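Trainee: I would like a close look at how one pair of helices packs, with another pair set beside it.

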Amino acid sequence: MKILLTESEDFSPKAIAQLQHHFEVTCCTFKSKDELLDKIGDYDVLFVRLRFKLTQEVLEKAPKLKYILTATTGLDHIDVAYFESRGGKVISLQGETDFLGSIPSTAEHTWALLLALLKKIPTSFEDVRDGNWNRDAFKGHNLSGKKIGILGLGRVGKQVAHFARAFGLEVGYFDLVSQTNTYKSFSNPKELFGWADIISIHIPLHDGTVNFVNESLLQHCPAHAVLINTSRGAVWDENYIAEMLKQNKISGIATDVLPDEYRKEKIKYNPLVQLANEEYNVIITPHIAGATYESMAMTEEFIVSKFIKMTV
């Protein structure tokens, strides 16, 4: 089989060597959709990251394609229904609970966003770069003694809860799956949102969770609450969240994801990006929570091993 790596920069050499032992491998680093479309028609397998969205339009340009490999748990960058309807198979990290428990990057990034937001690190640094030293203008908040509400106590949620305990926070959560632990469990998310000072979102994106964090849920937030999202942009109603921030109904937002992040021409018009440019308490990073050298290498090697076991 012929395999195309669409974003091979810093790709695990070990993973590439494993693939080359069994298959014909082409390593590319496409920067545009047109470059991708020009090449994919001749390949049986694509190994993708998150630069491009594999829509039906894109996949129709790859009639020979049998497999899509992606070292991610979320699959909103692939039209899975269409690809599977024509006999294709997507190989991902979904369901690989034991392995994913060894990957810390998303939880670490969640905590970095939380610290940066409460300690006002980005804005104070920018002010110093401008030649100022306004210590009193950037008073932050302690984490110790605060209440963190975790929406979705899965793999990442548990790691975040572990960090929270180390920092002296009280941990509460809502999850559809009954669990045994020492954290405060809530029977519905509205109670969780009303209780928490900090809300950290870790639910997966699927048809049932689109705009899950919506007006009916968010209206229970106390005005001092901050929201952190390292899940997917479509799990919350960002327009309503933007309005809440403008009306001082919440005090801050940090997110690693946007609903339209695959459409670069829309980024500057995003309501949260616009608020960040208006100096509201907003931090946005470009979907980099899982993008550490170590974690990407581990996940790429895992996906390659999984693929080889299935096909060789």
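At what angle do helix H1 and helix H13 pack, and how far apart are their axes?

Mentor: This is a predicted model, in which local features need pLDDT of at least 70, side-chain atom pairs count only at pLDDT 80 or more, and totals for chains, interfaces and linings use all residues. Residues are numbered from 1 along each chain as its sequence is written, and side-chain values use heavy atoms, with hydrogens and water left out.

Helix H1 covers residues 13-22 and helix H13 covers residues 293-311. (Helices are DSSP runs of H or I, at least four residues, numbered from the N terminus.) The two pack at an angle of about 20 degrees, with their axes 8 Å apart. (Axes are fitted to C-alpha atoms over the stretch in contact, and angles run from 0 to 180 degrees between N-to-C directions.) H1 and H13 are therefore roughly parallel to each other (under 35 degrees; over 145 is roughly antiparallel, 65 to 115 roughly perpendicular, the rest oblique). Their crossing is left-handed (near helix turned anticlockwise from the far one by less than a right angle; clockwise is right-handed).

From H1, the contact takes in Lys14, Ala15, Gln18, Leu19 and His22 (heavy atoms within 4.5 Å). From H13 come Glu300, Glu301, Val304, Ser305, Phe307 and Ile308. By class, five of these residues are nonpolar, three polar and three charged. The nonpolar ones are Ala15 and Leu19 on H1 and Val304, Phe307 and Ile308 on H13. The charged ones are Lys14 on H1 and Glu300 and Glu301 on H13.

Now the other pair. Helix H6 (residues 105-119) and helix H8 (residues 155-166) have axes that come within 9 Å and cross at roughly 50 degrees. H6 and H8 are therefore oblique to each other, and H6 passes H8 in a right-handed crossing. Thr106, Ala107, Glu108, Thr110 and Trp111 form the H6 side of the contact, and Val156, Gln159, Val160, Phe163 and Ala164 form the H8 side. Six residues of that contact are nonpolar, three are polar and one is charged. The charged residue is Glu108 of H6.
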